[in-house]
Amino acid sequence: MLHRTTNNRHCSINWAGRWSAIDLGREGSGVSTVSVSLTVNGKKVTADVEPRTLLVQLLRDNLHLTGTHVGCDTSQCGACTVHVNGDSVKSCTILAVQADGADVRTIEGLAQAGVLHAVQEAFREHHGLQCGFCTPGMVMSSADLLVKNPNPSEHEIRTWLEGNICRCTGYHNIVKAVQHAAQTLRQSAQAAE
Ligand code: FES
Ligand code: FES
């Protein structure tokens with residue numbers, strides 16, 4: 001089981017120059033750390049982490065981006081899905097050091113200028129969630145799908161989302177939401193031509 005860790009006690013972070021560097025006990029701890037630099041939601045981030053630190057732990061524990069959820073210990077549920085260099089990735093399946101230099105987007109960075117992404121808006125409109133625990137991962141996976149396939153069939157949506165588990169909704173409204181978002185995004189693209 002993945003637990004919130006104490007890695008942040010060994011963490012030094014610079015966030016786009018707005019946070020002063022902090023060192024919460026690296027010295028004398030006997031724990032070796034490595035420096036990783038990446039862009040998260042458009043902001044440059046540098047952190048010292050243990051080599052075993054997962055990307056999801058870096059996001060949640062060090063950067064406090066807790067919209068990315070941890071729902072399993074087997075890389076199956078997809079609640080931890082984020083975008084890494086534009087591709088949806090289960091952030092519990094890669095190490096933070098593997099994301100060094102990457103461009104990462106989390107659910108917190110999906111809305112732009114206070115406007116929900118079309119997938120977020122469609123989930124809201126079509127009640128594509130109940131408890132909401134799976135929702136960040138569902139939304140991030142769906143947003144990636146619609147970039148790669150702007151007009152997916154119902155079968156293609158269900159197949160794409162096989163890696164995201166929802167215990168509440170029965171998936172029907174999630175699929176409706178993705179179909180609606182696809183339509184919205186296609187109309188926006190046509191209007192922009
Ligand atoms: S927490 Fe990553 S797949 Fe479940
Ligand atoms: S809405 Fe509860 S797990 Fe999906």
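Select helices α3 and α5 in this predicted model: α3 passes α5 in a right-handed crossing. The contact is formed by Met138, Ser142 and Leu146 on the α3 side and by Ile174, Val178, Ala181, Ala182 and Leu185 on the α5 side. Sorted by class, these residues comprise seven nonpolar, one polar and no charged. Viewed along their axes, α3 and α5 pack at an angle of about 40°, with the axes 10 Å apart. The two helices are therefore oblique to each other, since roughly parallel requires an angle under 35 degrees.

Keep α5 (residues 172-192) displayed and add α2 (residues 118-125). The axes of this pair come within 8 Å and cross at roughly 135°. Roughly antiparallel would require an angle over 145 degrees, so α2 and α5 are likewise classed as oblique. The crossing of α2 past α5 is right-handed. To display the contact, select Ala118, Val119, Ala122, Phe123 and Glu125 in α2, then Ala177, Val178, His180, Ala181, Thr184 and Leu185 in α5. This set holds eight nonpolar, two polar and one charged residues.

Next, hide α5 and bring back α3 (residues 135-148) beside α2. Here the packing angle is about 125° and the axes are 9 Å apart. That angle makes α2 oblique to α3. The crossing of α2 and α3 is right-handed. On α2, select Val119, Gln120 and Phe123; on α3, select Thr135, Val139, Ser142, Ala143 and Leu146. By class, the contact has five nonpolar, three polar and no charged residues.

With α2, α3 and α5 shown together, some residues can be followed from one contact to another. Val119 and Phe123 of α2 meet α5 and also take part in the contact with α3. Ser142 and Leu146 of α3 belong to the contact with α2 and to that with α5. On α5, Val178, Ala181 and Leu185 meet α2 and contribute to the contact with α3.

For the last stop, move to glycine 67, in the loop between α1 (55-62) and β4 (81-84). Is glycine 67 buried or exposed? It counts as partly exposed, because 18 C-beta neighbours lie inside 10 Å, whereas a buried residue would need 20 or more. Apart from neighbours within four places in sequence, glycine 67 is in contact with Thr106, Ile107, Glu108 and Pro136. Finally, draw a C-alpha to C-alpha distance from glycine 67 to glycine 137: the two are 9.1 Å apart in space and 70 residues apart in sequence.

Methods: Residues are numbered from 1 along each chain as its sequence is written. Chains are lettered from A and ligands numbered from 1 in the order in which they are written. This is a predicted model: local features need pLDDT of at least 70, side-chain atom pairs count only at pLDDT 80 or more; totals for chains, interfaces and linings use all residues. Axes are lines fitted to C-alpha atoms, for helices over the stretch in contact, and angles run from 0 to 180 degrees between N-to-C directions. Helices (H or I, at least four residues) and strands (E, at least two) are DSSP runs, numbered from the N terminus. Angles under 35 degrees count as roughly parallel, over 145 as roughly antiparallel, 65 to 115 as roughly perpendicular and the rest as oblique. A crossing is left-handed if the near helix is turned anticlockwise from the far one by less than a right angle, and right-handed if clockwise. Two residues are in contact if their C-beta atoms, placed from the backbone, lie within 7 Å. Ala, Val, Leu, Ile, Met, Phe, Trp, Tyr, Cys and Pro count as nonpolar, Asp, Glu, Lys and Arg as charged, and the others, Gly among them, as polar. A residue is buried if 20 or more other C-beta atoms lie within 10 Å of its own, exposed if 12 or fewer, and partly exposed in between; C-beta atoms are placed from the backbone.
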